[in-house]
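Me: I am new to this structure and would be grateful for a close look at a single part of it. Please take one strand as the starting point and follow its connections outward into the rest of the chain.

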Amino acid sequence: MNRSKLYRMAALGAVAAALTGCALLKSPDPVQTYRFGGAAPAASQTIGSAAPAIALRRAEFPEAVAGDRLLGVTGTETAYIKGARWVSPAEDLYMESLENAFAGQATRVRVVATREAVRSGRSLDIDVRAFEARYDSPGAPPTVVITARARVTTLPERNVAAERMFSVEQPAAANRVGAIVEAFDTATRDLNTQIVAWTEANTR
């Protein structure tokens with residue numbers, strides 16, 4: 001084999017290696033980030049210091065939805081919705097939205113820090129059981145389902161003074177990410193409104 005032919009083969013090999021490297025370094029598909037819960041509202045009114053105080057303990061989320069991915073469920077199959085992420089972990093956004101709901105809606109209960117709750121003797125525990133978009137069939141607009149257990153407990157004994165399961169379903173207007181996110185936002189606001197009202201009714 002002559003030298004020129006060897007040079008051509010080496011050049012072709014280098015091109016092939018470069019193309020393989022480009023394939024491996026291909027840019028990932030773009031991901032759009034979203035949020036739910038909205039900005040903090042103005043306080044509904046001044047709540048007196050004599051009002052019952054309660055501490056919001058950090059909500060617990062299932063591992064599959066605690067992060068920044070949106071979970072879709074079809075029957076027994078699950079998959080994360082492609083190209084979409086929450087701007088922060090879902091459990092962080094939810095806690096922010098719940099605090100905002102108490103700030104804007106509560107009229108008879110003061111939300112306090114955990115240390116103050118030890119003195120007041122009350123805390124609110126939220127255990128989120130489902131936070132997902134459920135599809136009746138592939139490609140159909142899903143329904144966002146949020147299920148959570150709320151408990152009012154007394155401290156330091158951690159006795160349960162009141163407990164209730166909440167479940168909210170909000171159909172998405174279309175099988176589009178924007179519509180699904182809007183359904184998550186609406187469902188979260190609905191759930192939080194119910195939790196605030198229930199907490200006030202069960203905190204004395």
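Reply: In this predicted model, strands S3 and S6 pair in the parallel sense, with three bridges between them. Within that pairing, valine 73 stands opposite arginine 134 in S6. The part chosen for this close look is strand S6, together with the elements around it.

It is useful to begin with the setting. The chain holds five helices and eight strands. Along the sequence, these elements follow the pattern α-β-β-α-β-β-α-β-α-β-β-β-α. Of the 204 residues in the chain, 38% are buried. Among contacts between residues at least 6 apart in sequence, 71% join residues at least 24 apart.

Strand S3 itself comprises residues 69–74, and five bridges join S3 to strand S4, residues 77–86, in the antiparallel sense. One of the facing pairs is arginine 69 with its bridge partner in S4, arginine 85. S3 and S4 form a hairpin with two residues between them. Glycine 75, in the turn of this hairpin, has a positive phi of about 65°. S3 is thus joined to S4 by five antiparallel bridges and to S6 by three parallel ones.

Strand S6 also has a second parallel partner to consider here, strand S2, with two bridges between S2 and S6. In this pairing, alanine 55 stands opposite serine 123 in S6. S2 in turn pairs with strand S5, residues 110–112; these two strands run parallel and are joined by three bridges. Alanine 53 of S2 stands opposite arginine 110 in S5. Are the two faces of S2, residues 53–56, covered or not covered? Both faces are covered: Ala53 and Ala55 are buried on one side, and Ile54 and Leu56 are buried on the other.

The next step is to examine S6 from its start. Arginine 122 lies in this strand, which spans residues 122–135. Arginine 122 has a relative accessible area of 21% and is therefore partly exposed, since the buried class requires a value under 20%. The C-alpha atom of arginine 122 is separated by 6.8 Å from that of valine 152, although the two residues are 30 places apart along the chain.

Further along, isoleucine 126 connects several parts of the chain. Leaving aside residues up to four places away in sequence, isoleucine 126 touches Arg58, Ala59, Glu60, Tyr94, Leu98, Ala148, Arg149, Ala150 and Ile195. Isoleucine 126 is also among the residues with the most contacts inside the largest nonpolar core, together with Phe61, Trp86, Tyr94, Leu124 and Phe131. That core has 46 residues. Helix H5, residues 177–201, gives the most to this core, with nine residues. As a general background, nonpolar side chains tend to be buried together in soluble globular proteins.

Two of the residues touched by isoleucine 126, Tyr94 and Leu98, also take part in the meeting of helices H3 and H5. The axes of H3, residues 90–105, and H5 come within 9 Å and cross at roughly 55°. H3 is therefore oblique to H5. The crossing is right-handed. On the H3 side, the residues that meet H5 are Tyr94, Ser97, Leu98, Ala101, Phe102 and Gln105. On the H5 side, they are Thr188, Leu191, Asn192, Thr193, Ile195, Val196 and Thr199.

Asparagine 192, located in helix H5, deserves separate mention. Asparagine 192 is buried, because its relative accessible area is 3%. Leaving aside residues up to four places away in sequence, asparagine 192 touches Tyr94, Ser97, Leu98 and Ala101.

The account now returns to the far end of S6. The loop between S6 and S7 contains alanine 140. With a relative accessibility of 21%, alanine 140 counts as partly exposed. Alanine 140 and alanine 174 are 34 residues apart in sequence, and their C-alpha atoms are 7.7 Å apart. Apart from residues up to four places away in sequence, alanine 140 touches Tyr135 and Asn175.

Beyond this loop, threonine 143 lies in strand S7, residues 143–154. Apart from residues up to four places away in sequence, threonine 143 touches Glu132, Ala133, Arg134, Glu169, Gln170, Pro171 and Ala172. One of these, Arg134, is the residue that stands opposite valine 73 in the pairing with which this account began. Threonine 143 is also 9.9 Å from alanine 187, C-alpha to C-alpha, with 44 residues of sequence separation.

Note on methods: Residues numbered from 1 in each chain as written. Predicted model: local features only at pLDDT ≥ 70, side-chain atom pairs only at ≥ 80, totals over all residues. Heavy atoms only, no water. Core = buried A, V, L, I, M, F, W, Y, C linked by side-chain atoms within 4.5 Å. Buried < 20%, exposed > 50% of the residue type's maximum accessible area, 1.4 Å probe, protein only. Helix = DSSP H or I, 4+ residues; strand = E, 2+ residues; numbered from the N terminus. Contact = heavy atoms within 4.5 Å. Pairing = 2+ DSSP bridges. Axes fitted to C-alpha atoms, helices over the stretch in contact; angles between N-to-C directions. Parallel < 35°, antiparallel > 145°, perpendicular 65-115°, else oblique. Left-handed = near helix turned anticlockwise from the far one by under 90°.
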